[in-house]
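Here's a quick look at the cysteines in this protein, plus a bit of its surface. Have the structure open as you read.

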Amino acid sequence: MDAQPSNNSDCRHARIELKHLRLAVLACSCGSLRRAADVLGVRHSALSRSVIQLEQLVGATLFERSSAGIRPTQAGSSFLSRATAILERIEALVQSAGYGAVTGSSQFSVGLCTSGSTRNLRAILADLGRHDIEVTAIERSPTDLNGCLRSGVADAIIVPEGPRSIDLESRALWCEGIVVLLAADNTLATREVIYWTDLLNQTILLGTSEHVCSLTKIIEPYLVAQGIGQKVQRHNVSRHVIHGLASAGLGVSFMLASNTKSIGDDLIWRELRDGRGQMQVCFHVHWLRGNENPALKRFLRLLADYYPSSAIGG
């Protein structure tokens, strides 16, 4: 003899089908099993069996029956109200999918570790909007964005890192320079460019909660290599607060060149260089292999148009 399930209630609930809900809701609205059967063009006995089966699966009597028809019990009223809401949501979901298939309307979520106005990215996002694609942007650290990508919250992420896993597709996009932020009266303000060695006597301000580009992670190895690590002050604040500390003359910080338009008049910026030239961060787009979202495909086509020399890798 086959072993019986340890939780009979869970097994019963698992066998409830949408047809059970639809028939019960219709019967309730008609006030009669017979009238509901006539509306559907089915036999009264078949509809009655379906309702009885649903009651058995739920473990409660849903209707009071009489010669005048049926009416929901207290338990039935609560159950059928929720069943109606479930059916309405499913109908809305199906209609939305059908509308998207006809019109091309869809949703697209992109995770960013860079400014939304960076280079051609702003034009690409605007193009998606013009094609009736609802765009949602998420700003997080690269680690958090990777989690968003794998959980399906994000369709694609743009981060300053190359390929990380065989289940991800990726494309190299652009590189942009790193600049040093400092107060206008800082002794380094008179220089046109700044080298790592120029920072030896400077206090370095880093934010531990920095999301945009996660520059802290990128900058730290260079600080250690140049022997500047002991001059670092870490603050558990946003990059905007770090900028305020720098403008007060409490130290210097770093920023991507594309974001310099956002700084105030009390800060200046200078290009950061090493022995090979300007320090740069290279950005990549990543997406989960097998994602069939049409909006993602259009996004990737636009990226290919704007960055034709970029390479795709697994």
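What follows covers the disulfide, the free cysteines and a nonpolar patch.

## The disulfide

Keep in mind that this is a predicted model. Searching the whole structure turns up one disulfide. The partners are C175 and C282, whose sulfur atoms sit 1.9 Å apart. The torsion about their S-S bond is about 100 degrees, so this disulfide is right-handed.

What does the pair tie together? C175 belongs to strand β6 (residues 168-183) and C282 to strand β13 (residues 280-288), so the bond links parts that are 107 residues apart in sequence. As for exposure, C175 is partly exposed, at a relative accessible area of 26%. C282 is partly exposed too, with a value of 33%.

## Two cysteines without a bond

Why isn't C28 bonded to C30? The closest cysteine sulfur to that of C28 is the one in C30, and at 9.4 Å it's too far for a bond. For a disulfide, the two sulfur atoms would have to be within 2.5 Å. C28 is partly exposed, with 29% relative accessibility.

Look from the other side and C30 is in no disulfide either, its nearest cysteine sulfur being that of C28, 9.4 Å away.

## A nonpolar patch

Now for the surface: V39, L40 and V42 make a nonpolar patch of about 250 Å². L40 is part of helix α3, which covers residues 33-40. This leucine, L40, counts as partly exposed, with a relative accessible area of 40%.

Terms used:
Residues numbered from 1 in each chain as written. Predicted model: local features only at pLDDT ≥ 70, side-chain atom pairs only at ≥ 80, totals over all residues. Heavy atoms only, no water. Patch = residues over 30% accessible without salt bridge, like charges linked within 9 Å, V, L, I, M, F, W, Y side chains within 5 Å. Areas by Shrake-Rupley, 256 points an atom, 1.4 Å probe, with all protein chains shown as cover. Salt bridge = Lys/Arg side-chain N within 4 Å of Asp/Glu carboxyl O. Helix = DSSP H or I, 4+ residues; strand = E, 2+ residues; numbered from the N terminus. Buried < 20%, exposed > 50% of the residue type's maximum accessible area, 1.4 Å probe, protein only.
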